[in-house]
Amino acid sequence: MSDNDRKGFFSRLFGGKKNAAEAEKPAEAPEKLDHEAAKPEEPAAKPDHAATAPGPVAQSPAPGVTPAPVSATETPAPPAPVAPSPVAPSPVAPAPASPTPAPSPVALAPATPAPQTSAPAPQDAPAAPSHPSAPPASASAPVSAPAPIPAPPTPAPAPDPAPAPDPAATPVAVVATPPVKQSWWQRLKGGLSRTSSSIGTGITDLFVRRKLDAAALEDLEDILIQADLGVDTTDRIIKAVSAGRYDKEISADEVKQVLAREVEATLTPVAQPLVIDADHKPFVILMIGVNGAGKTTTIGKLAQKFRAEGRSVMLAAGDTFRAAAIEQLKVWGERTGATVIARPQGSDAAGLAFDALKEAKERGVDVLMIDTAGRLQNKAGLMAELEKIVRVVKKFDAGAPHAALLVLDATTGQNAVNQVEIFAKTAGVTGLVMTKLDGTARGGILVSIAAKSGLPVHFIGVGESVDDLEPFSARDFARAIAGLPEAR
């Protein structure tokens, strides 16, 4: 090969390579433009043509071709420049008036900030290389992710509606109404309900479509004895029931009617009210009884009744063995407006009774009630002290005490019969007060005591209230204990 041929070969070879290099070099411009387009705030800098001018590039010889040595003095001819084809510039959207939230940052190569201009200068994209062996450059510019659309704010959940108020739980204003005051018969019947239920239930169960025979009479006798009506009263009732009815059918109501009649007949002679003699001023009442019978409470209730009648009342705290009794009597004095004469605990009870009687006489008091210490009827020493009180009072007033009331507890049963006998001999008991009839099923003890002693029964109590102590009525008591309605 001649030298001219060799030169022409190298010229074509190197010229083609340079053209290919120049064709590949401008392909970076679109990539740069794409990067610049991702940031609309900074316009792309103008390309420096001088910096991108093609120069000699050392190329490796084509495979299979052995290049000839080149003399140092020989300079290859520069290739003819290829004018790039004009490419329409990509329009760049102007910056929005109001900034939008920036998308997630994309890692980019740091770029030198260019001076900010009103609009970026358009760039001419170079023409694609014409060499057939060079593949077209593909612009793989990173595409910025679209700005995320902010999610609409989640509305706050509406509060649950308040549950409808429960009519049952809604508080209702209750207007306090004063309790209806019961009559004495209602209170008496209620107080004797345990006794009447014991007697009435037994009689009803016994006489249901049954003929009156010996067995029925024995069962009826057991029921009456268990109610503490006493043997004598029970015998009279059995005889009255069997008279003219033996071996005949008899109803429970007929038996109750007979029971009420017999009880009323026994109690009528002893049902006597306590009469306050105005000629005796003061009218002295000595209150006696065993421990727990209710003497102090009975004194307070009687004081209330006497005060309601317009009488002046004085109370003597003669139970000097028990401090609580002294304080209790003072409380009743404040409630009723009665004067209370008291001494320290352990003082002589007889001396206190004498002082109280003397002061009541000086003041012109209508009623003087003397409390005494509770004592058992079988204690000789205590009974002797009670006798001393009676003697001292009689020294000041020979007629005193004008009444000696024995307070009996109905719950003691047959023991109350023994108390009446002993206290009658010691203190000269003139009348009875039966309390706590509402606390026992043996209220018939009053019938038994009345039948044996014949002492007047002045008052009975069926509760704690002042109104629960009332004068004794034989008919009301008899019908209440038999479970019959009030007499008309």
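How many aromatic pairs does a search of the whole structure find? In this predicted model, the search finds 2 aromatic pairs, and one of them is the subject of the first close-up below.

**View 1. Phe 354 and Phe 396 form an aromatic pair that is edge-to-face.** The two rings lie 5.6 Å apart, centre to centre, with an angle of 90° between their planes. Phe 354 belongs to helix 10 (residues 349-363) and Phe 396 to helix 11 (residues 380-396), so the pair ties together parts of the chain that are 42 residues apart in sequence. Phe 354 is partly exposed, with a relative accessible area of 30%, and Phe 396, at 31% relative accessibility, also counts as partly exposed.

**View 2. Lys 361, found in helix 10, touches Phe 396.** Leaving out residues up to four places away in sequence, Lys 361 touches Lys 281 and Pro 282 as well as Phe 396. The C-alpha atoms of Lys 361 and Phe 283 are separated by 9.8 Å, although these two residues stand 78 residues apart along the chain. Lys 361 has a relative accessible area of 45% and is therefore partly exposed.

**View 3. The charged end of Arg 335 sits over the ring of Trp 332.** The distance from this charged end to the centre of the Trp 332 ring is 4.9 Å.

**View 4. Asp 222 lies in helix 5 (residues 214-226).** With a relative accessibility of 43%, Asp 222 counts as partly exposed. Thr 234 follows 12 residues apart from Asp 222 along the chain, and the C-alpha atoms of the two residues are separated by 9.1 Å.

**View 5. Thr 435, in strand 6 (residues 431-435), reaches Ala 293 through its side chain.** The side chain of Thr 435 comes to 3.0 Å from the backbone oxygen of Ala 293. When residues up to four places away in sequence are not counted, Thr 435 touches Ala 293, Thr 298, Val 407, Leu 408, Asp 409, Ala 410 and Gly 461. At 8% relative accessibility, Thr 435 falls under the 20% limit and so counts as buried.

**View 6. Ile 460 is one of the residues that touch the most other members of the largest nonpolar core.** This core holds 105 residues, and Ile 285, Met 369 and Phe 477 stand beside Ile 460 in the group that touches the most other members. Apart from its neighbours within four places in sequence, Ile 460 is in contact with Trp 184, Leu 188, Met 434, Leu 437, Leu 446, Asp 468, Leu 469, Glu 470, Phe 472 and Phe 477. In soluble globular proteins, nonpolar side chains tend to be buried together.

**View 7. Helix 13 (residues 445-453) holds a run of buried residues.** Ile 445, Leu 446, Val 447, Ser 448, Ile 449 and Ala 450 are buried in this helix, and Leu 446 is also among the contacts of Ile 460. Gly 454 follows helix 13 and has a positive phi, near 70°.

**View 8. The whole chain, shown for orientation, has 14 helices and 8 strands.** Of the 488 residues in the chain, 36% are buried. Among contacts between residues at least 6 apart in sequence, 77% join residues at least 24 apart. The chain exposes about 28,200 Å², of which carbon and sulfur atoms supply 56%.

Definitions and conventions: Residues are numbered from 1 along each chain as its sequence is written. This is a predicted model: local features need pLDDT of at least 70, side-chain atom pairs count only at pLDDT 80 or more; totals for chains, interfaces and linings use all residues. Side-chain values use heavy atoms; hydrogens and water are left out. A nonpolar core is a set of buried Ala, Val, Leu, Ile, Met, Phe, Trp, Tyr and Cys residues joined through side-chain atoms within 4.5 Å. Buried means under 20% relative accessible area, exposed over 50%, partly exposed in between (1.4 Å probe, protein chains only). Contact means heavy atoms within 4.5 Å. Helices (H or I, at least four residues) and strands (E, at least two) are DSSP runs, numbered from the N terminus. Accessible areas come from the Shrake-Rupley method with a 1.4 Å probe; for residues, only the protein chains shown count as cover. Rings of Phe, Tyr and Trp (its six-membered ring) pair if their centres lie within 6.5 Å; planes under 30 degrees apart count as stacked, over 60 as edge-to-face and the rest as tilted. A charge sits over a ring if NZ of Lys or CZ of Arg is within 6 Å of the ring centre and within 35 degrees of the ring normal. A polar contact is a pair of N or O atoms within 3.5 Å; within protein, one must be able to donate a hydrogen and the other to accept it, and residues adjacent in sequence count only if both atoms are side-chain atoms.
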